[in-house]
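Hi everyone, thanks for making time today. I'd like to walk you through a structure that will be new to most of you, so let me put it on the screen.

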Amino acid sequence: MKKLLAFILVISSLFAVNLLSNTTLSEVFNNNAICYFAYVNNLNNIDCSKYEVTLNGNGAIIKTDIKLANSILVSGCSVSGECVEVSKDFGFGEICKKLNLKIISSEHVNDRLVVTAYSNMLPTYLTSENNKINIQIAETENAYLIGYPLILHSY
């Protein structure tokens, strides 16, 4: 009986880790985001009339309300990145907690704080100077932009 319980516990733990590793920024910041950006490689299956769309070569940047983020993610188009905007009132510390961040670097660019970090809650990462990175955070006048794997529009 103990072996069966241990086996079930191990399987449940592996399943839970797998669920956490497939998190999206829209899920993490669902109730706190001001807006949502998706970077798509194509507009297949996307009704562009529902969103603010900026064409970028073959792809596009789609800006929308966070409540519509899931419709983009499940549309079948190829999403290469996401970004959420959260109010400064939310706080940098809360962003770090929600994403379980390991800060890799921080710098000031044009008087704006820009942080590069790694979150084990997100499924993929890039490598820079032997460090895993998959989050970029930029402080704006009133908000924080949080990009996965990077912020792919201006701040």
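Let's begin with disulfides: how many does the structure hold? The count is zero. Please keep in mind as we go that this is a predicted model. Take C48, which is in no disulfide. Its nearest cysteine sulfur belongs to C77 and is 9.5 Å away. Now look from the other side: for C77, the closest cysteine sulfur is the one in C48, and 9.5 Å is too far for a bond. A disulfide would need the two sulfur atoms within 2.5 Å. And are these cysteines buried or exposed? C48 has 33% relative accessibility, so it counts as partly exposed. C77 has 8%, so it counts as buried.

Next, the sheet. Eight strands form an open sheet, and the pairing is antiparallel. If you'd like to trace the order on the screen, it goes β2-β3-β1-β4-β10-β9-β6-β5. Which strands sit at the edges? They are β2, residues 52-56, and β5, residues 101-109, and each of them pairs on one side only. From one strand to the next, the twist averages 20°.

Let's follow a few of those pairings. Strands β1 and β4 are joined by seven bridges. Within that pair, A38 has E82 in β4 as its bridge partner. Moving on from β4, six bridges link that strand to β10, again antiparallel. Here E82 turns up once more, this time with Y148 of β10 as its bridge partner. Then β10, residues 143-148, pairs with β9, residues 135-139, through four bridges. One example there is A138, whose partner in β10 is L145.

There is a helix to add to this picture. Helix α4, residues 92-99, lies across β4, β5, β6, β9 and β10. Relative to β5, the helix runs at about 145°.

Now for some backbone details. Most residues other than glycine have a negative phi, and most peptide bonds are trans. Where does the model depart from that pattern? Have a look at N45, in the loop between β1 and β2. Its phi is near 65°, a positive value in a residue other than glycine. With 60% relative accessibility, N45 counts as exposed. Another case is N100, in the loop between α4 and β5. N100 is not a glycine either, yet its phi is positive, at about 50°. N100 is partly exposed, with a relative accessible area of 44%.

As for peptide bonds, the one joining Y148 and P149 is cis, with omega at about 0°. We met Y148 a moment ago as the β10 partner of E82, and P149 is found in the segment after β10.

My last stop is R112, which lies in strand β6. At 28% relative accessibility, R112 counts as partly exposed. What does R112 touch, leaving aside neighbours within four places in sequence? Its contacts are E107, E139, T140, E141 and Y155. Of these, E139 belongs to the stretch 135-139 that makes up β9. Y155 is 43 residues from R112 in sequence, while the C-alpha atoms of the two are 8.8 Å apart in space.

That's my tour, so thank you for listening, and I'm happy to go back to any part of it.

Terms used
Residues are numbered from 1 along each chain as its sequence is written. This is a predicted model: local features need pLDDT of at least 70, side-chain atom pairs count only at pLDDT 80 or more; totals for chains, interfaces and linings use all residues. Side-chain values use heavy atoms; hydrogens and water are left out. Two strands pair if DSSP finds at least two bridges between them. Helices (H or I, at least four residues) and strands (E, at least two) are DSSP runs, numbered from the N terminus. Axes are lines fitted to C-alpha atoms, for helices over the stretch in contact, and angles run from 0 to 180 degrees between N-to-C directions. Contact means heavy atoms within 4.5 Å. Buried means under 20% relative accessible area, exposed over 50%, partly exposed in between (1.4 Å probe, protein chains only).
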